[in-house]
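Biologist: Please take a close look at how one pair of helices packs. Then place it in its wider setting, with every cut-off spelled out.

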Amino acid sequence: MNELIKKAAELLESNVVQIVIGYGKGSAERTRTIFITEASGCDQLIFDSRCIQNLAVYLTKAEIKKLGKPAIVAPVPVLRSILQLASENQLTEDGLVVLGVTPESTLIEFESFAAIETYLASHKIEIDEKYQKIIEGIKSMPVEERFAYWVKELEPCFKCYACRAACPLCYCTRCTVENNQPQWIKSASHPLGNLEWHVMRAMHHAGRCTDCDACYEACPMGIPIHLLTKSMLQDVTENFGPYGPSLNKDNTLSSFKPEDKESFIK
Amino acid sequence: MTEFEPKIVAFVCNWCTYAGADLTGTSRIKYATNVKIIRFPCTGRIDFMLLLKAFGEGADGIIVSGCHPNDCHYTSGNFHARRRWIMFRGLLDMLGIDVRRIQYSWVSAAEGAKWADIVNTTVNAIRDLGPYTDYAKVAGYLEKEAEV
């Protein structure tokens with residue numbers, strides 16, 4: 001990605017940005033996030049299919065914000081998160097340089113958030129057929145069996161909250177799980193607390209999640225928590241129409257239509 | 001063994017359903033006594049976590065009720081609540097939490113008879129479903145461990 005390295009170095013040299021957030025070499029075959037503050041460091045930047053972390057998560061962190069204006073390496077999933085954060089008034093156009101990377105690994109620069117939205121119109125969120133089948137399979141189980149399946153799947157969760165830390169949309173500075181007067185959600189690895197934590201996590205992302213799978217990738221126990229957000233994504237589409245981050249649309253759960261339809265309220 | 005009596009928790013809004021339930025009483029309409037009513041300012045205030053807490057504390061069924069659409073005291077609280085319920089119901093269904101145990105309804109302050117009917121039909125439905133042992137097992141996990 002010589003193009004990317006050159007552009008990042010230019011931005012740092014001309015002091016347009018003070019920090020570049022990108023992907024670098026990690027341990028073994030993995031990649032890790034790197035924060036570059038000197039133009040000479042830009043040759044550490046890499047981009048390939050292993051770069052799956054969602055870097056947008058750093059944009060709302062106070063520790064990163066105080067380092068100055070950032071430029072961020074942004075493949076499609078990161079672009080979606082940036083757009084969602086922008087629509088929630090968490091980012092400003094002057095406060096950020098977006099170095100977009102297309103699926104073909106070419107550099108694409110964005111002048112505005114609106115330009116990102118235009119670009120993403122041709123990269124719509126689609127749930128993999130593989131996942132559609134899995135979700136369908138789970139939903140076709142009898143209710144008791146489905147409950148047992150999830151209790152078992154969630155059993156290894158020990159509340160490390162890596163899923164929360166990896167998610168760009170979990171930017172609340174104080175989370176419900178930190179409320180201990182009363183203790184809303186048991187912090188121990190208790191099946192009830194596990195269930196409640198994952199219900200809450202999914203509900204707080206309803207109509208916001210951009211389906212980047214960062215939560216699943218971050219989970220040390222490999223719990224398929226992304227199936228919950230994917231299933232909700234299907235529900236949003238089914239009930240409230242086409243879905244995706246947008247500057248012109250309110251979030252699903254912070255807006256309504258008088259004509260919203262349901263079949264279960266008596 | 002005594003017959004199973006369902007424990008039902010009702011989350012209702014102050015302006016419509018709570019007043020409606022009051023009317024049920026002042027109209028001398030008899031209905032099942034299994035329901036414990038919790039009053040909220042608005043259905044928009046009923047956090048989904050409260051419903052989970054009710055199940056966690058041993059409820060067998062839940063009623064959530066408020067003003068009819070367009071009737072909200074706060075103009076749009078029930079519209080927001082409706083969207084939240086649609087999403088929440090889908091998520092619970094995905095997780096295998098029995099959505100038949102949660103009855104949503106719109107009951108206005110003039111619908112005392114409807115409230116009695118909602119409670120009675122819900123109590124009967126839950127009676128048929130039996131106690132919510134699956135959830136109770138999860139909620140009582142530590143107690144069970146302590147006994148061993």
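**Helix packing**

Modeller: α1(B) and α4(B) are roughly perpendicular to each other. That label covers angles of 65 to 115 degrees; under 35 is roughly parallel, over 145 roughly antiparallel, and the rest oblique. This is a predicted model: local features need pLDDT of at least 70, side-chain atom pairs count only at pLDDT 80 or more, and totals for chains, interfaces and linings use all residues. Residues are numbered from 1 along each chain as its sequence is written, while chains are lettered from A and ligands numbered from 1 in the order written.

Now the geometry. The axes of α1 (residues 17-26) and α4 (residues 112-129) of chain B come within 7 Å and cross at roughly 95 degrees. Axes are lines fitted to C-alpha atoms, for helices over the stretch in contact; angles run from 0 to 180 degrees between N-to-C directions. Helices (H or I, at least four residues) and strands (E, at least two) are DSSP runs, numbered from the N terminus.

Which residues meet? α1(B) brings B:Thr17, B:Gly20, B:Ala21, B:Leu23 and B:Thr24. α4(B) answers with B:Gly112, B:Trp115 and B:Ala116. Contact needs C-beta atoms, placed from the backbone, within 7 Å. By class, this contact holds four nonpolar, four polar and no charged residues. Ala, Val, Leu, Ile, Met, Phe, Trp, Tyr, Cys and Pro count as nonpolar, Asp, Glu, Lys and Arg as charged, and the others, Gly among them, as polar.

Next, the chain interface. Chain B puts 33 residues in contact with 34 residues of chain A. On the chain B side, α3(B) gives the largest share, 13 residues. The classes there are 19 nonpolar, eight polar and six charged.

Chain A has its own internal contact. It is divided into domain 1 (2-120) and domain 2 (129-254), with bounds from an automatic or database domain assignment. The contact takes 19 residues from domain 1 and 14 from domain 2. α3(A) gives the most to the domain 1 side, eight residues. α3(A) also lies across β3 (70-74) and β4 (97-101) of chain A, at about 130 degrees to β3(A).

Those two strands belong to an open, mixed sheet of five, ordered β2-β1-β3-β4-β5 in chain A. β2 (31-36) and β5 (107-109) stand at the edges with a single partner strand each, so one side of each lacks a neighbour in the sheet. Strands pair if DSSP finds at least two bridges between them. Six bridges join β1 (residues 19-25) of chain A to β2(A), running antiparallel. In one of them, A:Gly24 has A:Arg32 in β2(A) as its bridge partner.

Terms used:
Contact = placed C-beta atoms within 7 Å.
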